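The following exercises concern one structure and are each followed by a worked solution. Please inspect the sequence and the coordinates before reading on.

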Amino acid sequence: MALMFRNTLTNKKEEFIPIEPGKVGLYTCGPTVYNFAHVGNFRAYMFEDLLRRFLKFKGFDVTQIMNLTDIDDKTIRDSQAEGITLKEFTARYIKAFFEDLDTLGIERAEEYPAATDHIPEMVEIIKKLVANGLAYESDGSYYFRISAFKDYGKLANLDMSGLKAGARVASDEYEKDSVSDFALWKAWSEEDGDVFWETEIGKGRPGWHIECSAMSTKLLGNHFDIHTGGIDNMFPHHENEIAQTEGATGEKFVNYWMHCEYLIVEGRKMSKSMGNYYTLRDLTDKGYSGKAVRYLLLASHYRAQLNFTFDGLSAASSSLERYNDFVNNLEAYGGGESDGSSKSAIDKMLTGFEAALDDDLNISGALGAIFDFIREINSLRDEGKLSIEDRDSVLEAMARVDTVLNFRSEKGVLDSDIEEMIVKRNEARKARDFALSDKIRDDLIEMGIFLEDTPDGVRWKRKV
Ligand code: AMP
Ligand code: ZN
């Protein structure tokens with residue numbers, strides 16, 4: 001089946017056809033490194049991880065670029081508040097960002113260019129825009145003249161009829177109702193302190209939007225395949241990127257724009273300004289694993305809002321555990337007599353998985369195919385109808401889908417090992433050898449297994 005993506009630019013689901021066969025140029029807007037990213041931000045990066053990994057699963061050679069916004073209104077404001085340089089300030093959060101990507105099992109992009117390393121490239125684009133009549137200077141700052149760019153508004157479907165000619169907006173972020181000429185370059189003002197560059201277009205610093213035009217075209221060319229971000233990036237950020245880039249190059253910028261919906265909390269977007277956010281560290285400190293958060297963020301469709309709750313996170317943990325237990329227990333399986341039916345189950349699972357993701361990354365369908373498969377194989381195994389060769393093919397198929405999902409945990413402890421230790425602990429308790437029974441309990445805790453004594457005997461749980 002053809003690979004289909006919903007393209008924000010056309011508002012349609014379209015077949016994905018790369019510019020160069022077999023290759024994909026992918027640009028993903030990265031973090032503004034002024035604080036720890038929250039799990040809402042990671043929803044966007046997780047969607048991009050799914051996209052990247054699935055494209056690779058399909059055999060594409062992917063070049064993904066993610067920028068680091070290490071200069072903007074917020075980074076300057078907060079570094080000054082702390083009294084440290086912008087570089088020192090952002091370095092702290094860049095480091096934290098990469099640690100968090102690892103905790104979540106997000107695969108690294110090919111490059112993470114930083115905005116402050118690309119000031120000359122941004123100045124070049126601004127000069128071209130001025131030459132093309134699309135930008136103008138005012139008090140040392142430069143603005144994009146949106147009335148001169150006929151396609152302005154095509155991504156966000158803006159109604160441009162009520163536009164006030166010459167109205168300007170200097171801040172990096174603004175709402176649709178203040179659509180107006182936006183800042184490409186901001187002349188130095190005292191508020192910026194020691195943050196400025198002396199350039200051909202004067203002393204100052206770039207606006208936010210221009211950085212992505214400069215870094216994407218430098219690293220992927222003027223025209224490339226896919227550009228993504230969270231839905232809030234669509235306007236004004238991506239609309240402005242299109243205007244700046246197409247206005248400077250005269251070529252079509254990007255073929256497919258894809259945007260993921262918000263992670264919400266009680267009906268509202270998770271965001272720093274609202275204060276309703278959790279960082280990844282908040283969740284791991286509560287005992288949730290990075291893979292459980294990964295499961296939660298990945299398991300619902302990227303174009304549907306995802307409501308964050310701790311119940312949802314616990315449910316994600318349980319599903320993740322089922323997935324891992326299945327593989328762990330199969331690895332320890334001794335084998336039986338094949339009845340030949342595992343092969344068709346494998347084919348059905350792999351076909352279902354790929355067909356679902358081909359359909360605009362329908363992850364629920366893909367996970368559904370896997371959990372049906374798990375049930376089917378478990379019953380074959382329980383009936384002794386799975387041979388060692390069958391088992392190996394099942395494990396191979398699971399490893400294949402795991403290149404996309406990355407749900408496998410490194411330290412899998414087998415159910416059978418746990419149960420054996422619990423039996424030994426019970427025996428020790430009966431023999432009143434409490435030193436030994438306590439030691440076994442502590443060893444289990446070390447392995448992330450918690451015991452609960454109930455009237456029906458000992459129950460155990462994995463750490464979520
Ligand atoms: P920022 O650091 O604010 O520029 O955001 C980085 C990325 O996270 C962008 O792609 C945003 O669209 C995305 N983002 C921010 N908040 C959320 C949220 N609550 N849900 C999903 N994506 C978000
Ligand atoms: Zn961007």
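**Exercise 1.** Determine which residues Gly153 touches, not counting residues up to four places away in sequence.

*Solution.* The model is a predicted one. With residues up to four places away in sequence left out, Gly153 touches Leu158 and Glu239. A contact here requires heavy atoms within 4.5 Å.

**Exercise 2.** Locate Gly153 among the secondary-structure elements, and decide whether Gly153 counts as buried or exposed.

*Solution.* Step one: Gly153 lies in the loop that runs between β6 (141-144) and β7 (168-169). Step two: the relative accessibility of Gly153 is 6%. Step three: buried means under 20% relative accessible area. Gly153 therefore counts as buried, at 6% relative accessibility.

**Exercise 3.** State what distance separates the C-alpha atoms of Gly153 and Leu350, and give the spans of the C-alpha trace along its principal axes.

*Solution.* Along the chain, Gly153 and Leu350 are 197 residues apart. In space, their C-alpha atoms are separated by 41 Å. The C-alpha trace of the protein chain spans about 85 × 50 × 35 Å along its principal axes.

**Exercise 4.** Characterise the protein chain by its elements, its burial and its contacts.

*Solution.* First, the protein chain holds 14 helices and 17 strands. Next, 52% of its 464 residues count as buried. Finally, take the contacts between residues at least 6 apart in sequence: 76% of these join residues at least 24 apart.

**Exercise 5.** Describe the exposed area and the charges of the protein chain.

*Solution.* The protein chain exposes about 20700 Å², of which carbon and sulfur atoms supply 48%. There are 57 positive and 81 negative charges, and their mean positions are 2 Å apart.

Definitions and conventions:
Residues numbered from 1 in each chain as written. Chains lettered and ligands numbered in written order. Predicted model: local features only at pLDDT ≥ 70, side-chain atom pairs only at ≥ 80, totals over all residues. Heavy atoms only, no water. Helix = DSSP H or I, 4+ residues; strand = E, 2+ residues; numbered from the N terminus. Buried < 20%, exposed > 50% of the residue type's maximum accessible area, 1.4 Å probe, protein only. Areas by Shrake-Rupley, 256 points an atom, 1.4 Å probe, with all protein chains shown as cover. Lys, Arg positive; Asp, Glu negative; His and termini not counted. Charge placed at Lys NZ, Arg CZ, Asp CG, Glu CD.
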